[in-house]
There are 4 protein chains.
Amino acid sequence: MTESQKVTVGIVGASGYGGVQLIKLLSEHPAIEIVYLGGDSSAGKEYADLYPHLGHLIKNKIEAIDLDEIASRCQVVFLGLPNGLACKFTPRLIEKGCKVLDLSADYRFTNLDTYSAWYKTERDDGAIASNAVYGLPELYRDQIKNSALIGCPGCYPTASLLALSPLIKQGLILPETIIIDAKSGTSGGGRQGKINLLLAEADNSLGAYGVAKHRHTPEIEQICSDLARSDVKVQFTPHLIPMVRGILSTVYATLRDPGLVTEDLITIYSAFYRSSPFVKVLPSGIYPQTKWACGTNLGYIGIEVDSRTGRVIVMSAIDNLIKGQAGQAVQCLNLMMGWAEDLGLPKLAFYP
Amino acid sequence: MTESQKVTVGIVGASGYGGVQLIKLLSEHPAIEIVYLGGDSSAGKEYADLYPHLGHLIKNKIEAIDLDEIASRCQVVFLGLPNGLACKFTPRLIEKGCKVLDLSADYRFTNLDTYSAWYKTERDDGAIASNAVYGLPELYRDQIKNSALIGCPGCYPTASLLALSPLIKQGLILPETIIIDAKSGTSGGGRQGKINLLLAEADNSLGAYGVAKHRHTPEIEQICSDLARSDVKVQFTPHLIPMVRGILSTVYATLRDPGLVTEDLITIYSAFYRSSPFVKVLPSGIYPQTKWACGTNLGYIGIEVDSRTGRVIVMSAIDNLIKGQAGQAVQCLNLMMGWAEDLGLPKLAFYP
Amino acid sequence: MTESQKVTVGIVGASGYGGVQLIKLLSEHPAIEIVYLGGDSSAGKEYADLYPHLGHLIKNKIEAIDLDEIASRCQVVFLGLPNGLACKFTPRLIEKGCKVLDLSADYRFTNLDTYSAWYKTERDDGAIASNAVYGLPELYRDQIKNSALIGCPGCYPTASLLALSPLIKQGLILPETIIIDAKSGTSGGGRQGKINLLLAEADNSLGAYGVAKHRHTPEIEQICSDLARSDVKVQFTPHLIPMVRGILSTVYATLRDPGLVTEDLITIYSAFYRSSPFVKVLPSGIYPQTKWACGTNLGYIGIEVDSRTGRVIVMSAIDNLIKGQAGQAVQCLNLMMGWAEDLGLPKLAFYP
Amino acid sequence: MTESQKVTVGIVGASGYGGVQLIKLLSEHPAIEIVYLGGDSSAGKEYADLYPHLGHLIKNKIEAIDLDEIASRCQVVFLGLPNGLACKFTPRLIEKGCKVLDLSADYRFTNLDTYSAWYKTERDDGAIASNAVYGLPELYRDQIKNSALIGCPGCYPTASLLALSPLIKQGLILPETIIIDAKSGTSGGGRQGKINLLLAEADNSLGAYGVAKHRHTPEIEQICSDLARSDVKVQFTPHLIPMVRGILSTVYATLRDPGLVTEDLITIYSAFYRSSPFVKVLPSGIYPQTKWACGTNLGYIGIEVDSRTGRVIVMSAIDNLIKGQAGQAVQCLNLMMGWAEDLGLPKLAFYP
């Protein structure tokens, strides 16, 4: 492919961790050329001032956000902005013919009332939003292929839904018993100077946060309800782990049929994810370590049935910034463009 | 107190993490004199060869394990040995008049069949074992005071039972809904050269282990059943966290009365632990960080009721090597000797 | 000692890491009562809002900084403020009869021109400053006993000077060959939301900073010059290490007498620090780990002579927030009050 | 390139960290096919039993080490064995026509007496050894191209020599003043269950080891002497850092010409490494973080001249397992095969 045949891509909100992942992934993608990096507070800076290790690669400055300018240069735009901003910018970009992949929460909800209730922001872009597709390829591959606007999933929902979907879709569990105990590295908190994310505070410690009220709850519930074709509520508890990257969701649910054994479920999961190149269902007795997924777009899934209690425990490990964010967005773009789903995406962790 | 009035104490199995905690705590205890350090593979070594930072304090050699010799010198013996050894040594020590505090699993079970089933070891010391008391002072304070043999709790059971006991004792939850998602630093794995505990492997990673089959499960169930006066089964999942010390147990259960709110439970917990100097019930909206407990004998408890789901979520944080092991043993000894329960024990973390 | 006999102490700048160390250490000190916690941006807040784990212990609010009010209530004042503020507050406190221990750089320099050159702040309190004593008890014990104003050393200078002092004082090395390669945990950067101190950035990474221009350079040089009775310049390079606490200074210098061996220097160091309860000189072949000093006021020193190169390498490990900051300040106060030098200070790390 | 055109490669000692890096790198290399994985203690095991995250990719078993069998299947053999074994296996492999890249110390020394003195192993393969080339492409690119046997450099020497070579080659420093203060993540200690490498021991701590006697000293000195055309001795001190991967070498030396400034040296370094695609010389004032190099074959170099002391300080950061080991070996292979030097090698860290 010559340079001139490459798809031109812009990243708005390039200074955060989502942005720098996209730059790394898209720089190594054979069919893409990054032509625009945009930001607000960092506009005018050299990108290498923010990330000196990229100085030899990225010569771009961060530019101010001018939607018409972006649309004139970019066929595809990734938005990596705080919640509540993408919904201001997206209508104009779509109107101008761009494909838009939004990393924020703005286009994840089919019911904007749910969004407004949890994110405390009113919305007036309902027509546009109704065309958005939830960017989890393992569930919505076909819709993604035909969409111009993707609401990319949150990191916790990605890990949790990969674990839950086969159970719910196949009706194997009692949905009201779902408990998701999730653990994330601190990069999930973004590149901002918060006291609780300092190494001095977060290292060698561990705690829950947002108990019973984290905003990823309604997102998980929406997709579970869609799969179950009925209203599902989940218990979701996130924890901050003293590590940089990685999410593990440990999911508990009561089986409808207490006679199922671990191997049955491994078979069911393997079938469910047969066409999903990034999901790896582990053999019996092997439980995923987040490190296995680090630096890749993979999701590793381990399954155990506890015959003593009648429950299934499913563990799902991803890299929160790749499969949980930027990598998944590129996976969606690959589908939107008709490319191989795994084109240009990392599939092999370095270890240890 | 003059030196001659101090209680003489021996530590068998002094070379492990439990041993070195005991040495630190007992060295700073005003009423105790360490007179014997014993070990098997390390017998004959200077203690400072194992832990050079203690070279200026501990001049003792590690001695071979000679029960009569130990009994002749020690009023109190701590046993910090692998499972299955304490039950060989304890009968003789008790017979000779020693008070024994065992850090292993050997004397935690009232039903030795349970022990044998989970630990794969037959037992012939039933008479002695039947006099052992489970060394969790917050539940069994009075029995501990009058016992000569303490089976000190495991680290996970300590954290989990501090979270669960008020709920079960007061009949507030449906016991069959109990799920314990526990997270521990790697020091819980002991001072042994296991690959999975290497920094290169365990750092920046996270995973579950022993899913549906960890040996702390029957220990937790025994105490829960005792409190509930009926047979209780729990779902218990431990995780290895990239940090040195600390356990967080996140406990889930469905409330019998969905009208209870967080503040109700904080009141109930505060009353339950009113006489327990080491348990700190946190205000509404504050969730414990393991670091707060590190280096102390404290347990911090945070509580949240989720009215959407009818569940209570209780988080309990301890230092796995202190309140979860050596400190709790000293707390028990304080009770056995009629001393203040908190004598000589650390009550204040350094932070960060 | 009854409460009424305790010395009343105030802490100005209580919200930072220095402040919270002081609160921990002074709360456990048998002869001290904390009667005032002051701050600027945090005035009016409950202390437990900043550090919830202290909620059961510290009921004080943080008060505004009113010097007359402070002087009326406190016999002793610790100042834990950014550089350039202590020199505004100290004259009034001294005048009112308070003893002052300043944790900032303001009173570390005998020549205020040096201070002004490196800290870019003019000074007009020369008379007061000339009475300040550099608060490194191992070198200036007698002066500290008779002083009312202590300029407490920086963390790097403490570690580095403990390593260097015997060499320089005894004339054993060529001073122009001194190189100090120092490594610190990130808590040295304080409790402020800086990007480079985030766990996501600083963990699993390592780098130098302030190369050839760190402000602790002139402080080290001043004391070295005082010991050498001639002008000494040092090469000082600090590095940020992915850990919370601890400093290791690795010091290199060329020996005047290439015939000296490691054991000779261990003898010299041991004699030099014979009356210093917190300095532990390690046996030959043992090098200090920062963890050994963590949570204590200890400094561990390891020494190696390289006969191939004619150099001595000295490694010095301390806890940057205790011996490197708050603990050393309390050690100074003990001397100022005529108490035992180690009264109330931690002397034993928990490990691991 | 069709599969049949790929170069067949075997890895002996595939179970360690060097082995698993090679598997990752060679799996992603477009011109290579892995056809043999060999080991001793792990022979007969599935590779995925050692590294479950590779189960979906690597279906090979680890085979016993049979040199004729290896030579019959492999055009190229990587040896990742403990020191002292490669020199037993290599002569036969070379004789059979294999190209050999040895990751151990066996073929790094031009003078086998030096090897025997430091590694306590006699050698009888002097003829073979005299044909080995030291596998640092930035210095010995042309010799590597024409060699069949590469002694791949140690991790510390790689980082240190990248920092030192321009200074020595150009005669800019006094060689007797060279001090190398090096810091490494714990993966450098290999995948073996050593107590001091446990997370519980190594995390949140820091210390030097092998002071004045580490085996990488003579290796560094050999290359420095070769560059200087005279005998050079260096002071080398390694430290263990609480992180998984990465080495930083901080190098000190006195400049011959005290008038040189930082920018002069940046110019000299940039010219020196002009044809080296993996070495990145940083702009003035920017110092390398090891994380920038993690997961890549890059070396980042930062330079500062201290006009106060007349010294230059050079900091060099690499990934110890890639540029410091397996990646560099592949870089050598690329040269040996006449491929692009950077073929198939990672050039971009994910961050953070």
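Q: What makes a residue pair between chain D and chain C count as being in polar contact?
A: A polar contact is a pair of N or O atoms within 3.5 Å; within protein, one atom must be able to donate a hydrogen and the other to accept it, and residues adjacent in sequence count only if both atoms are side-chain atoms. By that rule, 36 residue pairs, both partners at pLDDT 80 or more, are in polar contact between chain D and chain C. On the side of chain D that touches chain C, strand 7 (residues 179-184) of chain D gives the largest share, with four residues; strands are DSSP runs of E with at least two residues, helices are runs of H or I with at least four, and both are numbered from the N terminus. That side of chain D holds 24 nonpolar, 13 polar and 14 charged residues. Here Ala, Val, Leu, Ile, Met, Phe, Trp, Tyr, Cys and Pro are nonpolar, Asp, Glu, Lys and Arg are charged, and the others, Gly among them, are polar.

Q: How were the model and its labels handled?
A: This is a predicted model, in which local features need pLDDT of at least 70 and side-chain atom pairs count only at pLDDT 80 or more, while totals for chains, interfaces and linings use all residues. Residues are numbered from 1 along each chain as its sequence is written, chains are lettered from A and ligands numbered from 1 in the order in which they are written, and side-chain values use heavy atoms, with hydrogens and water left out.

Q: Why is the meeting of Lys183(C) and Asp181(D) called a salt bridge?
A: The term asks for a side-chain nitrogen of Lys or Arg within 4 Å of a carboxyl oxygen of Asp or Glu. Lys183(C) and Asp181(D) have an N to O distance of 2.9 Å, so the pair meets the rule. Across the interface of chain D and chain C there are six salt bridges.

Q: How do you know how many residues of chain D and chain C are in contact?
A: Contact means heavy atoms within 4.5 Å, and 51 residues of chain D are in contact with 51 residues of chain C. Asn204(D), Leu206(D) and Arg308(D) supply 17% of the area that chain D buries against chain C, more than any other three residues.

Q: What does the area buried between chain D and chain C stand for?
A: Buried area is the accessible area (1.4 Å probe) that two parts lose on being put together, summed over both. For chain D and chain C the value is about 4,100 Å², with carbon and sulfur atoms giving 52%.

Q: Why is the relation of chain A to chain B that of a two-fold axis?
A: Copies are superposed by least squares on the C-alpha atoms of residues with pLDDT of at least 70 in both. Chain A falls on chain B after a rotation of 180° with 0.0 Å of shift along the axis, at RMSD 0.0 Å. That is the relation of a two-fold axis. In chain A, the residue closest to the rotation axis is Pro242(A), at 3.2 Å (C-alpha).

Q: How do you know through which surface the copies chain A and chain B meet?
A: The interface residues of chain A are 100% interface residues in chain B too, so the copies meet through the same surface. The contact takes 51 residues from chain A and 51 residues from chain B, and the two chains bury about 4,100 Å² between them.

Q: What makes Glu221(A) and Arg308(B) a salt bridge?
A: Their closest N and O atoms are 2.6 Å apart, so the pair satisfies the salt-bridge rule. The count between chain A and chain B is six salt bridges, and 36 residue pairs, both at pLDDT 80 or more, are in polar contact across this interface. Strand 7 (residues 179-184) of chain A brings four residues, the largest share of the side of chain A that touches chain B.

Q: What are domain 1 and domain 2 of chain A?
A: Domain bounds come from an automatic or database domain assignment, which gives domain 1 (3-131) and domain 2 (155-320) in chain A. Their centres, taken over C-alpha atoms, are 27 Å apart. Domain 1 gives 13 residues to the contact and domain 2 gives 12 residues.

Q: Which residues of domain 1 of chain A lose the most area to domain 2 of chain A?
A: The two domains bury about 1,100 Å² between them, 52% of it on carbon and sulfur atoms. In domain 1, Tyr17(A), Arg108(A) and Trp118(A) lose the most, together 52% of what that side buries.

Q: Why is the link of Glu219(A) with Arg108(A) a salt bridge?
A: The closest N and O atoms of Glu219(A) and Arg108(A) are 3.0 Å apart, so the rule is met. Across the interface of the two domains of chain A the rule finds one salt bridge.
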